[in-house]
Amino acid sequence: MGQGLGLRPGVIDGAISISAVQWLCNADKSSHEPRLRLKAFFGSLYRCLARGARAVFQVYPESIAQRELILSSAMRAGFAGGVVVDYPHSSKSRKEYLVLSCGPPSVSSAVPSGKGEDGESASDDSSGDEDNQTVSISDRHRPKKKQKLNKRGKGREWVLRKKDQMRRKGNAVPPDSKYTARKRKSRF
């Protein structure tokens, strides 16, 4: 899941997951980066879902930060939707659902309300609730790639330092000459 889904674009009408997405936040190996795993998963899921399709994930995040990481990764991928909490005041029966729709938010893609303590649908009219977050595609912020500060390359001094470092390690390094770290001609 953390490496992306190998499915053709736009072929799936809906997706359901029970207690799987939060495991992408664990770093079991040094090569596992939770942000990258979530980005790969939600990006590939967004591509393979048909426009207007829904995806519902039951998640058990360990903390608020993990919940926000999962939600923000989904929003950056292009999904609209939010988190629905069933039994929010119960520690035992509490369930969180990430309800997403593929494509920009519309009137028909409203996030359903969760269940209250009595088991009935909770109809809080709290519009400032942080559980229902919807981000429009135009409002998303994509970080720009870092620009290289030095456009010339690493330079002669850097090459000489690296060669000296390799010599101290005992590696076989070609001797320095006037051609060390020279700029090659364009026809090369």
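The buried residues of helix 2 (buried meaning under 20% relative accessible area with a 1.4 Å probe, protein chains only) pack against helix 1, strand 3 and strand 4, where contact means heavy atoms within 4.5 Å. Helices (H or I, at least four residues) and strands (E, at least two) are DSSP runs, numbered from the N terminus. This is a predicted model, in which local features need pLDDT of at least 70 and side-chain atom pairs count only at pLDDT 80 or more, whereas totals for chains, interfaces and linings use all residues. Residues are numbered from 1 along each chain as its sequence is written, and side-chain values use heavy atoms, with hydrogens and water left out.

Among the buried residues of helix 2 are Leu69, Ile70, Ser73, Ala74 and Ala77, and just after this helix Gly78 takes a positive phi of about 120 degrees. The expected span of a helix is 1.5 Å times one less than its number of residues.

| Helix | Residues | End-to-end C-alpha distance | Expected span |
|---|---|---|---|
| Helix 1 | 15 residues | 21 Å | 21 Å |
| Helix 2 | 14 residues | 20 Å | 20 Å |
| Helix 3 | 15 residues | 22 Å | 21 Å |

Helix 1 has buried residues that include Leu38, Phe42 and Leu45, and its buried residues pack against strand 1, strand 2, helix 2, strand 3 and strand 4. Phe42 touches Ile70, Ser73, Ala74 and Ala77, among others, when residues up to four places away in sequence are not counted.

The largest nonpolar core (buried Ala, Val, Leu, Ile, Met, Phe, Trp, Tyr and Cys residues joined through side-chain atoms within 4.5 Å) has 27 residues, and those with the most contacts inside it are Phe42, Leu45, Phe57, Phe79 and Leu100. Helix 1, strand 2, helix 2, strand 3 and strand 4 each give two or more residues to this core.

Definitions and conventions. Buried < 20%, exposed > 50% of the residue type's maximum accessible area, 1.4 Å probe, protein only.
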